[in-house]
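User: I have a model open and I keep running into labels. Can you walk me through what earns each one?

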Amino acid sequence: MGAPLTDRPAALRVQGLSVTFTGGPIEIPAVRDVTLDVGRGEVVALLGESGSGKSVTARAVMGLIDEHTRVDAEVLMLGDVDLLTTTTEQRRRLRGERMSLVLQDALSALNPVLTIGDQIGELFRVHRGASRKQARRHAIELLGLVGIPGPGQRVDEYPHQFSGGMRQRILIAMAIALEPEFLIADEPTTALDVTVQAQILELLDSLRTTLGMGILLITHDLGVVTEVADRLAVMYAGRVVERGDADSVLTRPAHPYTEALLRSVPQAAQRGGDLLTIPGSPPSPGQVPPACSFHTRCHMAIEVCRTVRPPLEPVAAGRLAACHRSQELLNGVPA
């Protein structure tokens with residue numbers, strides 16, 4: 001289950017990652033036994049509904065957790081660095097220099113009382129010991145790299161003076177400032193119109209090629225996945241239920257949840273008809289069924305699905321799925 005699915009040098013390797021919230025009267029398992037890897041220069045999409053554990057996984061990798069959260073893993077490697085043995089200070093130094101995070105809410109992530117130049121330049125002053133003049137020059141270069149027009153003038157402006165799409169570009173500029181080898185983009189196109197969304201995706205695709213970064217793209221938007229992902233992992237109720245090459249998974253899903261997500265995407269040919277939906281809702285992290293977490297919503301569920309949790313295992317070349325009926329689904333056998 002833990003074997004890499006890519007031949008590229010690994011920017012990130014995660015095996016057996018579990019995240020548990022410990023602050024309440026009972027411990028709540030938010031992420032369970034997640035295994036994935038991201039190669040250098042590769043985009044891997046982490047796909048799933050809200051609440052499936054995508055962002056919790058990202059924050060655990062980055063070390064952005066509080067005292068009421070426990071992280072366990074068999075392997076957690078950033079390139080050649082074992083993140084399981086790093087201290088809090090070492091992990092803090094790695095953020096920005098070797099791994100970085102782009103959040104979805106740019107207006108909240110940026111400091112409203114500091115200029116964009118000061119916020120980008122701080123990275124160079126703290127991590128590189130640059131002077132203010134040098135840091136400002138780097139900030140201008142980065143704004144130009146991510147497509148901000150007139151960067152020499154706009155570097156002295158404040159976040160509220162930029163549009164939503166421009167603020168998202170600024171967050172990306174901050175994330176790539178020190179040329180990290182690994183980038184997590186957490187819903188980077190949420191709430192942006194489709195034109196700006198396309199520009200942001202094109203920018204990420206260009207940067208991964210130019211800088212050779214591995215990118216973990218967290219999203220629930222299948223359109224985004226189709227545009228840029230090389231491989232994908234589908235999460236449901238805190239577990240990865242399918243992994244593989246993006247084209248193969250999207251063309252022939254091996255898990256009913258992936259198939260249901262694809263069916264729920266609006267199609268032009270179905271204009272005027274009812275939208276297909278997945279019945280029910282995901283289980284609460286504290287009340288996950290002991291067997292297959294998806295069986296209460298699955299049209300293919302049989303008795304074994306209600307009693308035995310399916311392991312994530314190979315179902316085809318370069319494909320893994322956690323479903324008792326994956327082969328039937330791949331072979332097109334009707335439920």
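Analyst: Sure. Strands here are DSSP runs of E with at least two residues, numbered from the N terminus. D33 lies in one of these, strand β2, which covers residues 28–39. Keep in mind that this is a predicted model.

User: What makes the phi of D33 worth pointing out?

Analyst: Most residues other than glycine have a negative phi. D33 is not a glycine, yet its phi is positive, about 55°.

User: Why is D33 called partly exposed?

Analyst: Buried means under 20% relative accessible area and exposed means over 50%, with partly exposed in between. D33 has 35%, so it gets the middle label.

User: What is the phi of E179, and where does that residue sit?

Analyst: E179 has a positive phi near 55°, and it is a residue other than glycine. Its place is the loop between α7 (164–176) and β8 (182–186).

User: And why does E179 count as exposed?

Analyst: Its relative accessibility is 57%, and the cut-off for exposed is over 50%, so E179 qualifies.

User: Over to the helices. Why is α4 called roughly perpendicular to α5?

Analyst: Helix α4 (residues 116–128) and helix α5 (residues 132–145) pack at an angle of about 115°, with axes 8 Å apart. The roughly perpendicular range runs from 65 to 115 degrees, so that label applies to α4 and α5. Their crossing is right-handed.

User: Which residues make that contact between α4 and α5?

Analyst: On the α4 side, I116, G117, D118, I120, G121, F124 and R125; on the α5 side, R132, A135, H138, A139, L142 and L143. By class, the contact has 7 nonpolar, 3 polar and 3 charged residues.

User: Why are α2 and α4 called oblique instead?

Analyst: Helix α2 (residues 88–97) packs with α4 at about 135°, with the axes 11 Å apart. Roughly perpendicular stops at 115 degrees and roughly antiparallel needs over 145, so α2 and α4 end up oblique. The crossing of α2 and α4 is left-handed.

User: What meets what there, and how do the residues divide by class?

Analyst: R92, R93, R95 and E97 in α2 meet V126, H127 and R128 in α4. That contact has 1 nonpolar, 1 polar and 5 charged residues.

User: How do you know that R91 is buried?

Analyst: R91 is in helix α2. Its relative accessibility is 12%, and buried means under 20%, so R91 counts as buried. Leaving aside neighbours within four places in sequence, R91 is in contact with A60, V61, M62, G63, L76, L83, T86 and M99.

User: Which residues of α11 are buried, and what do they pack against?

Analyst: In α11 (residues 256–263), P256, Y257, T258, A260 and L261 are buried. The elements they pack against include β3 (43–47), α9 (222–228) and β10 (231–236).

User: Last one: how do you know that C292 is in no disulfide?

Analyst: A disulfide is a covalent bond between the sulfur atoms of two cysteines. To count here, the two sulfurs must be within 2.5 Å. The nearest cysteine sulfur to that of C292 belongs to C305, 5.8 Å away, so C292 misses the cut-off. C305 is in no disulfide either, and the structure holds 0 disulfides.

User: Are C292 and C305 buried or exposed?

Analyst: Buried: C292 has 11% relative accessibility, and C305 has 7%. The cut-off is under 20%, so both cysteines get the label.

Note on methods. Residues numbered from 1 in each chain as written. Predicted model: local features only at pLDDT ≥ 70, side-chain atom pairs only at ≥ 80, totals over all residues. Heavy atoms only, no water. Axes fitted to C-alpha atoms, helices over the stretch in contact; angles between N-to-C directions. Helix = DSSP H or I, 4+ residues; strand = E, 2+ residues; numbered from the N terminus. Parallel < 35°, antiparallel > 145°, perpendicular 65-115°, else oblique. Left-handed = near helix turned anticlockwise from the far one by under 90°. Contact = heavy atoms within 4.5 Å. Nonpolar A, V, L, I, M, F, W, Y, C, P; charged D, E, K, R; others polar. Buried < 20%, exposed > 50% of the residue type's maximum accessible area, 1.4 Å probe, protein only.
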